[in-house]
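Trainee: I would like to learn how to read a sheet, and after that the pockets, in a model of this kind. Could we go through the features one by one, with the general idea ahead of the particular case?

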Amino acid sequence: MKLMIRVLAVLAAIALAIPSSHAQTLTGAQARKSAQADAFLAYEKALLAGGLDAAQPYMTAAKFEELNGMLKTWGEDGFKQFLDRMRGGAQGEVRRKQIEKIEVTGGYAVLEARDSPQVLTVQHLTKTKDGWQVDVRR
């Protein structure tokens with residue numbers, strides 16, 4: 001009985017000592033320098049420069065289908081207007097500075113970027129065999 005209690009105590013101590021690799025919140029510089037931030041920025045850059053086809057390597061198939069659905073719903077002109085509005089916002093390193101927080105849970109992450117005091121962009125990402133990619137909300 002004493003041995004079992006010792007074993008359970010040791011296992012509990014080990015469990016408490018192991019950092020939680022499945023749930024993590026990144027903020028500030030740590031969030032802005034993360035692999036998730038890099039994937040988000042590469043996706044936006046490719047989407048703005050070359051449209052859906054250029055951004056496809058940076059997004060999951062589900063996200064591609066979501067954006068393709070927007071294109072079909074709004075038409076070419078409507079989708080171009082959507083991209084033009086995105087182009088009017090911060091890009092590159094200025095956009096990186098807007099990233100405030102990333103919640104990472106295993107292979108899934110939610111990135112928050114502050115566009116303005118009243119506007120927050122929330123982007124979902126999934127870790128794939130090709131690295132982090134922009135995804136749809138899960």
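**Reading the sheet and the pockets**

Mentor: Let us begin with one pair of strands: S4 and S5 run antiparallel and are joined by five bridges. Please keep in mind throughout that this is a predicted model.

Trainee: What forms the connection between S4 and S5, and which residue stands opposite Trp132?

Mentor: The general idea is that strands of a sheet pair through backbone hydrogen bonds, either parallel or antiparallel. In this structure S4 and S5 form a hairpin, with two residues between the strands, and Lys127 is the residue that stands opposite Trp132 of S5.

Trainee: How many strands does the sheet hold, and in what order do they stand?

Mentor: The sheet is open and has five strands, in the order S1-S2-S3-S4-S5, with antiparallel pairing. Because S1 (23–27) and S5 stand at the edges and have a single partner strand each, one side of each is left without a neighbour in the sheet. On average, and with direction ignored, neighbouring strands of this sheet are turned by 25° against each other.

Trainee: How many bridges link S1 to S2, and what packs on the sheet?

Mentor: S1 pairs with S2 (residues 99–105) in the antiparallel sense over five bridges, and Leu26 stands opposite Ile102 in S2. Helix H3 packs on the sheet, where it touches S1, S2, S3 (108–116), S4 and S5, and its direction makes about 55° with that of S5.

Trainee: Is the edge strand S5 largely enclosed or largely open?

Mentor: A general point helps in looking at any strand: in a regular strand the side chains alternate between the two faces of the sheet. As for S5 (residues 131–135), four of its five residues are buried, so the strand is largely enclosed by the rest of the structure. Burial here means a relative accessible area under 20%.

Trainee: Where does Ala62 lie, and what does Ala62 contact beyond its neighbours in sequence?

Mentor: Ala62 belongs to helix H4 and is partly exposed, with a relative accessible area of 36%. Once the neighbours within four places in sequence are left aside, Ala62 is in contact with Asp135 and Val136. The C-alpha atoms of Ala62 and Asp135 are separated by 6.6 Å, although the two residues lie 73 apart along the chain.

Trainee: Turning to the pockets, how much space lies in the largest pocket, and which residues lie nearest its centre?

Mentor: The largest pocket holds about 330 Å³ of space. Its lining is made of 20 residues, of which Glu44, Met86, Arg95, Asp115 and Thr121 lie nearest the centre. Helix H3 (35–55), helix H4 (61–87) and strand S4 (119–128) are the elements that give two or more residues to this lining, and H4 gives the most, with seven. Sorted by class, the lining of the largest pocket has ten nonpolar, four polar and six charged residues.

Trainee: And which element supplies the largest share of the lining of the second largest pocket?

Mentor: That share comes from H3, with six residues, while H3 and helix H5 (92–97) each supply at least two. The second largest pocket contains about 170 Å³ of space, and its lining includes Leu41, Glu44, Leu48, Gln91 and Arg95. By class, the residues of this lining divide into five nonpolar, two polar and five charged.

Terms used. Residues are numbered from 1 along each chain as its sequence is written. This is a predicted model: local features need pLDDT of at least 70, side-chain atom pairs count only at pLDDT 80 or more; totals for chains, interfaces and linings use all residues. Side-chain values use heavy atoms; hydrogens and water are left out. On a 1 Å grid over the protein atoms alone, a cavity is a set of points where a 1.4 Å probe fits but cannot get out, and a pocket is an open set with protein on both sides within 12 Å along at least five of seven lines; lining residues have an atom within 4 Å of a point. Grid points are joined across faces, edges and corners, and a volume is the space filled by probe spheres set on the points. Ala, Val, Leu, Ile, Met, Phe, Trp, Tyr, Cys and Pro count as nonpolar, Asp, Glu, Lys and Arg as charged, and the others, Gly among them, as polar. Buried means under 20% relative accessible area, exposed over 50%, partly exposed in between (1.4 Å probe, protein chains only). Two strands pair if DSSP finds at least two bridges between them. Axes are lines fitted to C-alpha atoms, for helices over the stretch in contact, and angles run from 0 to 180 degrees between N-to-C directions. Contact means heavy atoms within 4.5 Å.
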